[in-house]
Structure formats: C-alpha cells, structure tokens
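This report goes through a few features of the structure shown below. Keep the sequence at hand while reading.

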Amino acid sequence: MSYPPGQRPPTWGGQQQPPTWNQQPPGWGQPPPYYSVTPRASGASPLAIVAAFIGILVLIVGVAAGVILLSQPPAPEPPCVPGRPCAPGPSLPPIASATATPVSGRTPLPSSALPSPSAPPSGAPTLPPSSPNPSETPASTSAPVILGGSTWRSATLDYGFEFDAELFSLTQSTDTLAVLQLQFLDGTVVVQGATADVTPAELIERQLAMVDGFMIGRTKDTDDYDALLGPSLGYISGEGGVYSGILTSSDGTPVAPGGVTIVASTNGRVTVAVVLIVGEPDTLFGSDTAQYVIRSAVDDIVKSFDWGGSI
Amino acid sequence: MSAARRLAAVAVIVVTGLGCSNPTYPGGGDTQIAVPPHPGQATAQTEPVETGPTAGDEEVQFTVSLNLRDEDGMTALLERLNDPASLDFHQYISATAFGERFGLPSEDVARVVGWLESAGLRAAAVPQRTSISVSGSASSVNQLLGITLHDWSSPNGERFHRPSGLPAVPAHLSDKVAAVLGLDTEPVLRPAFGGILASGVPSGGLRPNTVARAYEIDPLHAAGMRGEGQVVAIVSFDTFTPSDVDLFDAREGVAAPRVEIVRVPGAADEPGSGTGEVALDIQVIRGIAPQARIINYEGPNTANGFAALMARIVADGLAEIVSISWGLCEKYSSPSALRAEEREFDAAFAAGLSVFVASGDDGAYGCRRVAISDDPFNRDLSQDSQWPSTSASTIGVGGTFLSVREDGTYISEAGWEEPLGGAGGGGGLSTVVDRPSWQEGVGVDNAASNGMRQVPDVAGPSDPSSGFLVVYTEPGQGVVEGQVGGTSAAAPFWAASMALTRQMAGTEGVDSLGALAPTLYQIAAEQPAGAVFHDVIRGGNLLFEAGPGWDYSTGLGSPRVAPLARAIIDFLKR
C-alpha cells in the first residue's frame with residue numbers, strides 16, 4: 001500500500017484523527033534514506049530489497065497508532081505534538097546525561113580483596129594496579145544504557161526506556177502512554193503503563209481489546225518462527241503473545257494483513273505492556289519477515305526499559 | 001552507521017540455512033555401513049535440488065576419522081591434566097606424543113592410508129593419528145566407498161555434493177575407522193554473527209580503545225603487551241578479503257603482521273556469505289592483540305568441518321589459542337560424528353590448546369533457525385545447545401549486552417537476550433557430552449543440571465546493540481562498515497585477551513597457559529566475586545536467567561582482563 005506524496009493515509013474507524021495526523025509522518029513521500037547511506041558500497045545493493053519493500057508498503061504505521069490512541073480512555077493531558085513542549089508529561093532528556101549517571105550496585109571490593117600480585121621477575125613488565133571491582137547494576141533499578149538514543153520517562157510512574165530517534169519517532173505521549181512510529185518500515189510501538197494493581201495479563205487483555213478496534217479476525221499466531229520464546233521487559237520476565245489478523249479501514253474494510261506482538265511485565269510497583277503492530281508482517285526481507293526485523297528493532301526499547309524507583 | 005543503514009543490516013545479514021544434511025557414517029564389523037539415524041530432519045526454506053551425478057574427474061575431499069587404540073587412557077590423561085595432585089598436572093603433550101600413546105599403531109594407520117591410496121586417492125594422516133585427510137577424483141571416491149556422489153544446488157545457488165548409498169569400509173579396517181566425514185558438503189555450519197540497530201556503546205560500535213578500557217585490557221597494553229610472539233588460530237569456513245584488514249589497520253592505526261592463511265582441501269577460494277564472520281574474528285583479535293600472529297585456518301563448510309581444521313591446527317602445533325565462531329545445534333549432527341570430532345578437540349586439549357567457541361546466537365533454543373517441515377515458518381524450538389561449544393575440551397563463550405560510558409569505562413552487562421527477536425547468547429545443556437569434572441563452582445549445580453556438559457563457560461560482548469565496528473567486503477555489495485555482534489565476537493575477544501595474558505605470563509617465566517577451561521573455573525572458585533570476572537546477574541538467554549555465580553546465560557561472566565591475567569599467571573606459577 002502506498003500513498004502519493006502529501007496524501008494522508010485513510011482514516012480508520014470514523015474517529016477523529018489525533019493531532020499528529022495533520023502532519024506527515026517523517027519520511028512521508030520521500031525516498032527512504034537507505035539510498036544515500038551506504039558507505040563505500042558499490043554495485044547492486046541487497047538494500048534494494050529493503051527499498052522495494054518500502055516502496056510497496058509505505059506506512060500504515062500512523063493509522064495503527066492513531067487507532068490505538070483513539071481507543072484509549074481520555075488521557076489526563078492532551079496528546080503531545082512532536083516538537084512541542086508537553087508539560088507535565090514525560091521529558092526527553094538527551095541520553096548523554098543518562099550515561100554519565102553512575103550506577104548503583106554492589107559495594108566495590110577494596111583493593112586488598114584483589115589477588116595480591118606476585119612480584120614479577122626483575123625486568124618483567126608490571127601491570128598497573130587494578131581498579132576496584134566495577135559495580136554491577138542490580139536488576140530493576142537501572143537498565144543498560146544505550147548511547148546515542150533518546151529517552152522517554154513517565155513522570156508519575158517513574159519508568160522509562162530509550163529509543164533510537166533515527167529509527168523511531170515519538171508520535172504520542174501522555175503520562176502513561178508512549179506511541180512510537182518506526183521511521184522507515186510499517187510498525188507502531190505502544191508502551192502503556194499502569195499501576196501494579198493491574199496485572200500483566202489484564203493489561204495485555206486491555207491492549208488487545210484496543211487492537212480489536214482496528215483488526216478483524218485476530219487469532220493467535222502459531223508459527224514457530226514468530227513465537228515469543230522468553231517474554232520479558234527490562235529484564236523482568238513477563239507474559240506475551242503474538243497475533244495475526246486483518247487491519248481495517250475506518251469503515252471496517254479490510255486493508256492489509258497485520259501482526260501484533262505484545263509483552264507485559266510488572267515489578268510489583270508498575271505494570272507495563274509493549275505492543276507492536278506491524279502491517280504486512282510476513283513480507284520477506286531477505287530470509288526474514290518484516291515482523292521479525294521490526295521486532296528485533298523494538299528489542300532495543302525492551303532491553304533498555306528502566307523500571308525506575310524501587311520494587 | 002546511520003539508523004537506516006543499521007536497520008537494513010538486519011535484512012541483509014545472510015545466514016546460512018541449516019538445511020540438515022544426511023551424512024553417512026560407517027559402523028563397525030562389516031563391509032556394509034550403517035547410517036546412524038538422525039533425530040530429526042531439517043528442511044531448508046526451499047529444498048536443495050539435485051542436479052545430477054558429480055563429474056567423475058571433480059576433485060573432492062573428505063576425512064576418515066580413526067578410532068583410538070586407548071581411548072580410556074586418553075580420557076584418564078585429560079583428567080590428570082587438570083588434577084593438581086597428579087604428576088601429569090598441566091603436562092601437555094604434543095600431537096605426535098598423543099598419536100603414539102593413544103592412537104592406532106602406525107602400521108594400522110598405514111593400512112588405512114594404503115587402502116585409500118590404492119584407489120588413487122591422496123591420504124595424509126595427522127601425527128595425533130585421529131584422522132586422515134583424503135582427496136581425489138569423485139570417480140575414485142565413488143568406486144572405493146561404494147557410493148555415488150551427486151551434485152546439489154541450494155536455494156541461494158550454492159553448489160555442493162552428497163553421497164547416495166552408504167560408504168563401505170573393508171571388514172579388516174572397520175575397527176580402525178570411526179567415521180567418514182565430509183562427503184556431504186552442504187554448507188550447514190552457521191556463523192554466530194549478526195548486526196543491528198542501536199548501541200550500548202559509543203556511536204558506531206565497539207572499537208579497540210573502548211574494548212580495552214571497558215574490560216581492563218589497558219593495563220596490559222600499558223605494560224607493553226600487544227601480542228608479540230603470540231599465535232592465535234581462527235577456525236573459518238569462509239575466507240576474507242585482505243584489503244579489509246588494511247582498512248581496519250588504517251582506521252585504527254595498527255601496524256602489524258599480515259594475517260596468514262592455512263587452507264585445508266575444499267576451502268573456499270573466494271569470500272562467500274560467511275566472510276563477514278571471518279572479518280569480525282580477525283578484527284576483534286587484531287584490535288586487542290595487534291601484534292599477535294593470526295593464522296586463519298580455512299576449510300570447507302560441511303556438517304563436520306571442524307574435524308579437518310582442528311586436526312590440522314593440532315598437527316601444526318603453532319597456536320596455543322584458537323577461536324571458533326561457527327557451529328550448529330547438536331541435534332542435527334550424528335552423535336557418532338560428534339564423537340569423532342570430539343577426539344580432535346581432545347587432542348587439542350591434551351596439547352594444551354585453549355579453544356574458545358561461540359555458544360551461538362539463538363539463546364537456549366539452538367535449533368531455532370531450523371525449519372522442520374516444508375513450511376519455512378515451522379521451526380524447531382526445542383532446547384538445544386550448539387556444537388562445538390559443548391565439547392568438554394573447548395571453552396564455550398556466551399553473550400552479553402555491554403553498557404559503557406562515553407569514555408569507554410564499564411557500566412554494566414546483561415545476559416544477551418532479545419525477547420522479541422528471539423536472539424540471545426547460546427547456553428544450556430549438551431545432549432551428547434558429559435559434564436567434565438572440572439566444571440564446578442557456585443551456580444554450576446542447579447535445578448536444570450543433569451550430568452551433561454553445561455554451557456557457556458564464560459561470556460563476552462555479543463549483543464549487536466553493543467557490537468564491534470567491523471569493515472569488510474560483502475560479496476556483490478562492496479565494502480561495508482557496521483556494528484556487528486553475536487557470540488562470534490565474544491570468542492575472538494576472549495582469544496585475544498588470553499593471547500595478551502600468555503604474553504604477560506611469558507615475561508614471568510610461564511611459557512604456556514595450557515587448556516584454560518579448568519583453570520578458569522578454579523580461579524573463579526578462589527577469587528572474590530567480581531574480582532576477575534564481571535559476574536553478570538541480569539538478563540538471560542530467553543530461557544535461563546543470569547544470576548550470581550555460574551549461569552547458563554553468561555557462565556562465569558565476562559573478564560576483567562588485567563586482574564584475570566594476574567590471577568591466571570599466579571595460579572600457573574604455583
């Protein structure tokens with residue numbers, strides 16, 4: 001499915017478009033930048049596959065994101081518009097500041113606890129003294145840092161994640177909701193938080209109910225290839241599932257095959273679900289499907305997830 | 001590398017399919033050879049197509065694996081090599097000594113060689129008497145073994161051959177021949193190699209300075225250890241473009257010896273789909289130990305390709321440290337073939353070689369990329385570990401996600417797992433290899449333990465999100481530079497780190513590190529937690545979680561190289 005430059009995607013569900021829809025998604029109507037970023041590559045590029053794929057699909061993304069948003073209960077604050085302040089919603093500090101934050105963890109061993117070096121033979125090179133044992137980051141207090149990305153954090157529930165702003169654009173943001181759109185492929189990521197009185201299973205059901213607002217015939221995806229082998233979020237095990245169905249337009253007309261991947265976990269304080277909606281999920285990228293490729297990309301969000309606070 | 005480029009890399013990484021071959025292996029006692037049943041039959045996404053009989057004059061290669069005369073004696077020696085109370089403790093033996101003590105009598109080896117040569121084949125036994133490398137015309141091979149070699153074409157156009165019929169060995173030699181390996185040349189070994197996306201390390205990927213800072217290699221460099229006098233062997237089932245090394249050297253300011261190549265018969269003439277793997281291995285080692293002599297041992301990518309290459313490495317006796325970043329899940333190789341290969345790794349262990357092997361990139365589900373029916377999306381999701389990281393004579397290297405500060409200093413690591421994409425550092429239990437006596441310590445005995453080999457032993461940076469910046473020539477695409485990960489990176493990372501350790505040891509009168517696996521466990525048991533290993537305590541491998549002590553995701557952990565070097569040297573000085 002493709003749209004001419006400047007033309008918006010069709011409206012789904014007869015609902016009012018969220019403000020972000022008045023803007024073209026990044027890259028809309030423009031050749032994807034794959035063509036210009038192959039350093040020193042020559043000859044026929046396998047990226048042609050990617051380009052062809054992109055040319056064919058072009059962004060159902062915004063549609064899915066919009067539908068989800070429209071299905072949300074009224075947000076405490078109006079949705080944010082990218083590029084505009086969104087107080088008092090989540091902040092987007094540069095990741096560089098996060099990387100400078102020392103991590104808490106195990107007390108460094110005193111140097112006396114280290115193995116005492118034997119005196120080397122005369123003239124043998126010597127090693128400078130070792131630094132104390134670098135601290136490890138206890139689970140659930142600080143996720144691995146991804147340099148060069150952006151961060152999103154819930155001000156009230158104090159969880160957050162990092163994302164590569166070159167890959168994802170934040171299209172919607174409230175205090176407990178972030179919607180990101182993959183820049184170059186047809187994928188939308190929804191990160192929904194709640195207090196821990198909502199279980200992961202309940203949060204998954206809520207999210208799937210929203211998905212059912214723009215997907216018909218949703219069934220469990222039983223392909224082993226698509227299986228979630230170890231659902232987790234921010235290194236806390238959770239629950240999850242993979243589904244397939246048909247994405248619909250506003251009047252219920254089938255538009256394209258869709259795939260949904262969802263994981264949810266809780267740290268006992270908050271419960272968070274990550275939902276990924278992919279259009280044309282089985283389109284092949286070489287030997288892998290679009291859904292697989294996009295899921296791999298979203299893994300960076302999942303891995304960087306920071307539960308914040310204390311359990 | 002731009003985001004688009006990185007995303008595209010996900011799509012263009014070519015992974016050799018695990019369309020499982022159906023190799024034939026000799027049994028014993030009769031001229032007719034039995035074919036051990038495969039536990040399962042993997043099917044590529046599109047089946048290979050037979051294109052006709054192999055031309056009679058085509059040169060083909062295979063390996064005849066030999067039984068040992070004294071396998072029990074060899075097993076006992078391997079135990080004593082690790083027993084501080086034994087007079088044989090760390091008394092490693094040469095390939096020739098291994099052959100004389102445990103191999104078939106030389107006259108028996110000569111009989112097998114004579115039988116092969118009688119058909120006009122060329123046959124060369126290695127001094128450890130574990131195997132014979134054979135080459136000759138297809139027609140001669142067909143006639144000798146009573147088979148017919150057929151050409152096949154894989155879905156991506158790769159040509160290979162498979163035998164029909166069962167290879168026959170004369171009855172009088174059947175107790176001497178353990179297996180005939182390599183007649184099926186379908187490329188099934190897979191590099192543990194991948195590249196993607198965002199980064200836990202400074203923009204572009206891990207570079208030598210960052211690695212050195214993060215893992216405390218800097219102190220060794222500062223002490224003048226850059227790999228001088230050390231030899232690291234790489235086991236490769238592809239080759240590389242030498243100018244790629246030049247590009248790396250220019251980028252990193254390295255002036256170092258050229259990478260050497262040793263080819264066994266059947267090795268690829270030109271870089272293929274695994275060339276990125278070879279480039280990764282070379283560049284990771286060169287970045288950490290730039291003055292080390294790197295020998296790239298290249299062989300044909302077949303289901304049991306390790307046998308020929310390991311036999312050659314042990315026979316050459318040049319390298320004490322070996323890096324392997326290829327493998328396949330145990331389930332899709334015959335136990336008899338694995339045993340034959342294990343002998344080669346045992347000979348390496350007996351010779352004091354440390355063989356670092358990537359544990360694979362599919363988490364605890366080592367066969368995940370194997371389609372088990374005509375439906376390419378019908379995958380094998382059983383728990384399985386990847387050979388040869390599960391060998392009791394190698395060091396399995398698992399994967400981590402590394403986070404560092406902008407200046408490269410270490411923040412943390414997590415066991416590498418990608419819950420949505422399904423990738424992760426390999427780890428779990430072998431179904432073939434018993435747990436060696438030296439594998440013990442905190443965490444080793446756990447709820448999943450069943451007496452079989454547990455992997456990995458150690459871990460290193462593998463998540464492509466904290467991958468290494470690698471430059472290589474992709475066939476048909478040109479030179480590409482990108483962030484690459486996989487446990488493929490962790491194995492050479494460990495190999496290079498231990499090359500520096502060996503150099504340091506040499507300055508203190510310790511000439512050999514020996515087979516390091518037992519030493520690493522013994523040191524881990526003696527040292528305070530965190531003193532020489534980063535004990536990775538979060539993350540996992542999609543099934544097993546990382547935790548204090550040894551675990552199935554990261555083993556003993558990743559190295560703090562300088563303190564670990566100190567501990568190893570002190571241990572070996574006792």
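Helices and strands are DSSP runs, a helix having at least four residues and a strand at least two, and they are numbered from the N terminus. In these terms, P388(B) lies in the loop between β15 (386-387) and β16 (395-404) of chain B. The model is a predicted one.

**The two chains**

The table sets out the make-up of each chain.

| Chain | Helices and strands | Buried residues | Contacts joining residues at least 24 apart, among those at least 6 apart |
|---|---|---|---|
| Chain A | 5 helices, 13 strands | 53% of 311 residues | 65% |
| Chain B | 14 helices, 24 strands | 70% of 574 residues | 78% |

**Two helices in chain B**

Two packed helices are described by the angle between their axes and the distance between the axes. For helix α10 (residues 306-316) of chain B and helix α11 (residues 335-350) of chain B, the axes come within 9 Å and cross at roughly 20°. Angles under 35 degrees count as roughly parallel, and α10(B) and α11(B) are therefore roughly parallel to each other. The crossing of α10(B) past α11(B) is left-handed. On the α10(B) side, the contact is made by F306(B), A307(B), M310(B), A311(B) and V314(B), while α11(B) supplies E341(B), E344(B), F345(B), A347(B) and A348(B). By type, the residues in this contact of α10(B) with α11(B) are 8 nonpolar, no polar and 2 charged.

**Cis peptide bonds in chain B**

P388(B), placed in its loop above, is joined to W387(B) by a cis peptide bond with omega of about 5°. Another cis bond runs from V455(B) to P456(B), with omega near 5°. P456(B) is in the loop between β19 (452-455) and β20 (458-461) of chain B.

**Positive phi values**

E280(A) is not a glycine, yet its phi is positive, near 50°. The loop that holds E280(A) runs between β11 (270-279) and β12 (284-285) of chain A. E280(A) has 23% relative accessibility and so counts as partly exposed.

In chain B, E216(B) is likewise not a glycine and has a positive phi of about 60°. E216(B) sits in the loop between α6 (208-214) and α7 (218-222) of chain B. Is E216(B) buried or exposed? Buried means under 20% relative accessible area, so E216(B), at 9% relative accessibility, counts as buried.

**A serine in a loop of chain A**

S249(A) is in the loop between β9 (239-248) and β10 (254-266) of chain A. With 12% relative accessibility, S249(A) counts as buried. The side chains of S249(A) and D251(A) make a polar contact (2.5 Å).

Notes: Residues are numbered from 1 along each chain as its sequence is written. Chains are lettered from A and ligands numbered from 1 in the order in which they are written. This is a predicted model: local features need pLDDT of at least 70, side-chain atom pairs count only at pLDDT 80 or more; totals for chains, interfaces and linings use all residues. Side-chain values use heavy atoms; hydrogens and water are left out. Axes are lines fitted to C-alpha atoms, for helices over the stretch in contact, and angles run from 0 to 180 degrees between N-to-C directions. Angles under 35 degrees count as roughly parallel, over 145 as roughly antiparallel, 65 to 115 as roughly perpendicular and the rest as oblique. A crossing is left-handed if the near helix is turned anticlockwise from the far one by less than a right angle, and right-handed if clockwise. Contact means heavy atoms within 4.5 Å. Ala, Val, Leu, Ile, Met, Phe, Trp, Tyr, Cys and Pro count as nonpolar, Asp, Glu, Lys and Arg as charged, and the others, Gly among them, as polar. Buried means under 20% relative accessible area, exposed over 50%, partly exposed in between (1.4 Å probe, protein chains only). A polar contact is a pair of N or O atoms within 3.5 Å; within protein, one must be able to donate a hydrogen and the other to accept it, and residues adjacent in sequence count only if both atoms are side-chain atoms.
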